[in-house]
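This report is meant for a reader who is meeting the structure for the first time. Please keep the sequence and the model at hand while going through the sections below.

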Amino acid sequence: MLSALVVITASLFSGLWAFQNCYRPATNGLFYRGSINVTENGLACQNWLSTSPHSHPETPQLYPNAGLGDHNYCRNPGSNSSRTKPWCYTTSIDVTWKYCNVTECQDTTCYSAIDKGVGYRGTETLKGDKCEKWNGMKSVYKNLYSESPYNTVYGLKGDSRDCRNPDPDKFDRPWCQFKMGRKVENRTCDTPPVPPQVLLMTSRSLHNLRVSHVLFSTFLPILN
């Protein structure tokens, strides 16, 4: 049983690390919520609540959904559209900011519930039915979604039928358009989300650390 507990806990932590400490280039790392806090050249990051050594406008009040707070973890608040990945202000007085040493997420088989699948770049389509091309003649979104920023930020390629989510205000996962007779419907796809245990660790990491501690504290004396 001890080995099973170790495997389960290790699996959760490896899933958490893999999910939290990579960013999705499709969304420029806007939804990255990992704990990396050094730049690509090894400089320590400045706490987001601090204005020393560098003053800055990025505060939790101005960017409430950017993951900023009393920490120095790399983020991309979206305050500068030219920045394409997580970054931070540095603690070096000579270097204002730098990109962080955060790798790109490579998994394209599932979507993240955190960004509602906006960063999903897999090739999933409707099973049993045929998605319409995003810029097809039958597409009600032809004019809107064939232009920037939708074709770049949301990954809508001209002749693509792949599931995407260019409308996160209405949908919470990847979807596509389906032609039924004369009517065009929007249907969510069967694209799997990031495993629930990984999201659980992401949002409740401290709680689960305590649970793991309780598990080991409970079972270890029995096993011994």
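What percentage of the 224 residues in the chain do buried residues make up?

## Overall picture

Buried residues make up 38% of the chain, which has 224 residues, and it should be kept in mind throughout that the model is predicted. The chain contains five helices and six strands, and, when it is followed along the sequence, these elements come in the pattern α-β-β-β-β-α-α-β-β-α-α.

Of the contacts between residues at least 6 apart in sequence, 61% join residues at least 24 apart. The area that the chain exposes comes to about 12,500 Å², and carbon and sulfur atoms supply 54% of that area.

## Two nonpolar cores

In soluble globular proteins, nonpolar side chains tend to be buried together. Here the largest nonpolar core has 14 residues, and those with the most contacts inside it are Leu126, Trp134, Cys163, Cys176 and Cys189. A second core, separate from the largest one, has 13 residues, among them Cys45, Leu68, Cys74 and Cys100.

Cys189 gives a view of the surroundings within the largest core: once its neighbours within four places in sequence are left aside, Cys189 is in contact with Glu124, Leu126, Cys163, Arg173, Pro174, Trp175 and Cys176. Two of these contacts, Cys163 and Cys176, are also listed with Cys189 among the residues with the most contacts inside that core.

## Aromatic pairs

The count of aromatic pairs comes to seven. One of them joins Trp87 and Trp97 in an edge-to-face arrangement, with 5.7 Å from centre to centre and 70° between the planes. This pair links distant parts of the chain, since Trp87 belongs to strand S2 (residues 87–89) and Trp97 to strand S3 (residues 97–99), ten residues apart. Trp87 is buried, with a relative accessible area of 0%, whereas Trp97 is partly exposed, with a relative accessible area of 26%.

Phe171 and Trp175 form another kind of pair, which counts as stacked because their ring centres are 4.3 Å apart and their planes lie at 20°, under the 30 degrees that sets the limit for stacking. Both Phe171 and Trp175 are buried. Ring pairs also join Trp48, Trp87, Tyr89, Trp97 and Tyr99 into a cluster.

## Backbone details

Most residues other than glycine have a negative phi, and most peptide bonds are trans. Against that background, the peptide bond from Ser52 to Pro53 is cis, with omega near 10°, and Pro53 is placed in the loop between strand S1 (22–23) and S2.

Lys116, a residue other than glycine, has a positive phi, near 60°. Lys116 is found in the loop between S4 and H2, where it is partly exposed, with a relative accessible area of 34%.

## A nonpolar patch on the surface

Which residues form a nonpolar patch on the surface? Leu30, Phe31 and Ile114 do so, and together they have about 220 Å² of accessible area. Ile114 lies in the loop between strand S4 (103–104) and helix H2 (142–145), which is also the loop where Lys116 is found. Ile114 is partly exposed, with a relative accessible area of 36%, and it can therefore count towards a patch, for which over 30% is needed.

Key:
Residues are numbered from 1 along each chain as its sequence is written. This is a predicted model: local features need pLDDT of at least 70, side-chain atom pairs count only at pLDDT 80 or more; totals for chains, interfaces and linings use all residues. Side-chain values use heavy atoms; hydrogens and water are left out. Patches are made of residues with over 30% relative accessible area and no salt bridge: like charges are joined within 9 Å, nonpolar side chains (Val, Leu, Ile, Met, Phe, Trp, Tyr) within 5 Å. Accessible areas come from the Shrake-Rupley method with a 1.4 Å probe; for residues, only the protein chains shown count as cover. A salt bridge is a side-chain nitrogen of Lys or Arg within 4 Å of a carboxyl oxygen of Asp or Glu. Helices (H or I, at least four residues) and strands (E, at least two) are DSSP runs, numbered from the N terminus. Buried means under 20% relative accessible area, exposed over 50%, partly exposed in between (1.4 Å probe, protein chains only). A nonpolar core is a set of buried Ala, Val, Leu, Ile, Met, Phe, Trp, Tyr and Cys residues joined through side-chain atoms within 4.5 Å. Contact means heavy atoms within 4.5 Å. Rings of Phe, Tyr and Trp (its six-membered ring) pair if their centres lie within 6.5 Å; planes under 30 degrees apart count as stacked, over 60 as edge-to-face and the rest as tilted.
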